Amino acid sequence: MEFTLLAAAALGAFGSWAMLWWEAKEGNADRCAGSLWDTALFAAVAGIFGGRIVTMLLNGVNPLTNPGDIIIVRSGVSTVGASLIAVAVFLWSFRRQPVVAADAIAAAALAGLAGWQAGCLFRSGACLGSATDLPWAWAQPGSAVTRHPVELYAALAYLTAAVALAWWKAYRRPIPGMPTAVAIAVAGAVRLVTEPLRPSLGGGPVWFYAAAIVAGGALAVAAARRGRARPPAVETQAP
């Protein structure tokens with residue numbers, strides 16, 4: 001079992017929880033933060049489990065005859081499989097109000113990604129990417145080659161986007177569905193932009209990151225059209 005990956009996952013979970021806690025204080029996701037957190041955590045675990053099964057199947061390993069291999073996370077978890085399964089489980093759990101739930105978790109999801117990326121600090125050399133002479137670059141122990149801390153770039157980008165999105169939701173009250181669209185597009189864009197700096201033989205699923213940007217854009221257009229077509233809401237005073 002790779003315990004450093006567990007530490008990174010724990011940091012990601014803490015990032016999501018902290019964002020939901022802050023948003024609840026600001027009146028956003030109020031009275032449902034606990035339910036959101038519980039469901040999001042369950043969806044994430046289901047996604048990791050499902051993504052691991054997908055990787056095993058793609059590698060020709062039968063999970064029924066090799067159940068012990070499921071917990072060997074070091075050998076890989078399908079990013080695409082884990083993401084799609086987690087989203088499906090979360091939306092199914094809130095199937096009566098999927099847009100409301102998705103908007104409520106949007107900033108927390110980005111904060112969770114920030115925590116996961118920053119979790120590279122628990123793993124030796126895992127933050128580093130391609131070589132560079134920039135002053136903030138650093139080298140692996142025993143090496144003179146300084147490299148981009150690409151995972152920290154991604155973590156900072158996700159955290160900035162999460163805070164901005166949470167502020168937007170709390171103080172600008174965007175059209176329903178728009179926070180979800182922005183979060184999906186940002187999630188794909190950050191990975192796509194930083195991918196060239198990552199040391200990888202085959203590269204990540206670039207098509208998946210690009211698809212996320214396209215999907216986010218399509219959802220934003222749909223939300224904007226739905227918002228224009230909807231009659232203005234009548235404000236009522238809370239009892």
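This is a short talk on the fold, the core and a few selected residues of the chain shown above, which is a predicted model.

Let me begin with the overall layout. The chain contains seven helices and two strands, and if we read from the N terminus onward, the order of these elements is α-α-α-α-β-β-α-α-α. Of its 239 residues, 37% count as buried, and the accessible surface comes to about 13,800 Å², with 68% of that surface belonging to carbon and sulfur atoms. As for how the chain meets itself, if we take the contacts with a separation of 6 or more, then 66% of them are accounted for by residues 24 or more positions apart.

Now to the interior. Which elements give two or more residues to the largest nonpolar core? The core itself has 24 residues, and those with the most contacts inside it are Met-19, Leu-36, Phe-90, Ile-105, Leu-110, Tyr-158 and Leu-165. The elements in question are helix H1, residues 3-25, helix H2, residues 33-58, helix H4, residues 98-118, helix H5, residues 150-171, and helix H6, residues 178-194. Among these, H4 gives the most, with nine residues.

Phe-90 deserves a moment here, since it appears in that list of core residues with the most contacts. Once we leave aside the neighbours within four places in sequence, Phe-90 is in contact with Leu-36, Thr-39, Ala-40, Ala-43, Ala-101, Ala-102 and Ile-105. Two of these partners, Leu-36 and Ile-105, are themselves named among the core residues with the most contacts.

Next, a charged residue, Arg-191, which is found in helix H6. Is Arg-191 buried or exposed? Its relative accessibility is 18%, and because the limit for a buried residue is under 20%, Arg-191 counts as buried. The side chain of Arg-191 makes a polar contact with the side chain of Gln-117, at 3.3 Å. If we set aside residues up to four places away in sequence, the residues that Arg-191 touches are Gln-117, Glu-151, Tyr-158, Arg-198 and Tyr-209, and Tyr-158 will be familiar as one of the core residues I listed a moment ago.

Let me turn to the aromatic residues. A search of the whole structure finds five aromatic pairs. In one of them, the rings of Trp-207 and Phe-208 have centres 5.7 Å apart and planes at 70°, so this pair is described as edge-to-face. The two partners sit on opposite sides of the accessibility limits: Trp-207, at 57%, counts as exposed, whereas Phe-208, at 16%, counts as buried. Elsewhere, Phe-14, Trp-17 and Trp-21 form one aromatic cluster. There is also a charge placed over a ring, in that the charged end of Arg-95 sits over the ring of Trp-92, 4.2 Å from its centre.

Phe-14, from that cluster, is found in helix H1 and is partly exposed, with a relative accessible area of 49%. Phe-14 and Gly-115 are 101 residues apart in sequence, and yet their C-alpha atoms are 7.3 Å apart in space.

A second residue of helix H1, Thr-4, can be described in similar terms. Thr-4 is partly exposed, with a relative accessible area of 25%, and its C-alpha atom is separated by 6.0 Å from that of Arg-123, which is 119 residues away along the chain. What does Thr-4 touch, not counting residues up to four places away in sequence? The answer is Phe-122 and Arg-123.

Towards the C-terminal part of the chain, Val-206 lies in helix H7, residues 206-229, and is partly exposed, with a relative accessible area of 38%. Val-206 touches Leu-192 and Glu-195, again not counting residues up to four places away in sequence. The C-alpha atoms of Val-206 and Gly-188 are 18 residues apart along the chain and are separated by 8.9 Å.

I will finish with a point of backbone geometry. Arg-173 has its place in the loop between H5 and H6, and its phi is near 45°, a positive value in a residue other than glycine. With a relative accessibility of 54%, Arg-173 counts as exposed, whereas Arg-191, the arginine of helix H6 discussed earlier, counts as buried at 18%.

Key:
Residues are numbered from 1 along each chain as its sequence is written. This is a predicted model: local features need pLDDT of at least 70, side-chain atom pairs count only at pLDDT 80 or more; totals for chains, interfaces and linings use all residues. Side-chain values use heavy atoms; hydrogens and water are left out. A nonpolar core is a set of buried Ala, Val, Leu, Ile, Met, Phe, Trp, Tyr and Cys residues joined through side-chain atoms within 4.5 Å. Buried means under 20% relative accessible area, exposed over 50%, partly exposed in between (1.4 Å probe, protein chains only). Helices (H or I, at least four residues) and strands (E, at least two) are DSSP runs, numbered from the N terminus. Contact means heavy atoms within 4.5 Å. A polar contact is a pair of N or O atoms within 3.5 Å; within protein, one must be able to donate a hydrogen and the other to accept it, and residues adjacent in sequence count only if both atoms are side-chain atoms. Accessible areas come from the Shrake-Rupley method with a 1.4 Å probe; for residues, only the protein chains shown count as cover. Rings of Phe, Tyr and Trp (its six-membered ring) pair if their centres lie within 6.5 Å; planes under 30 degrees apart count as stacked, over 60 as edge-to-face and the rest as tilted. A charge sits over a ring if NZ of Lys or CZ of Arg is within 6 Å of the ring centre and within 35 degrees of the ring normal.
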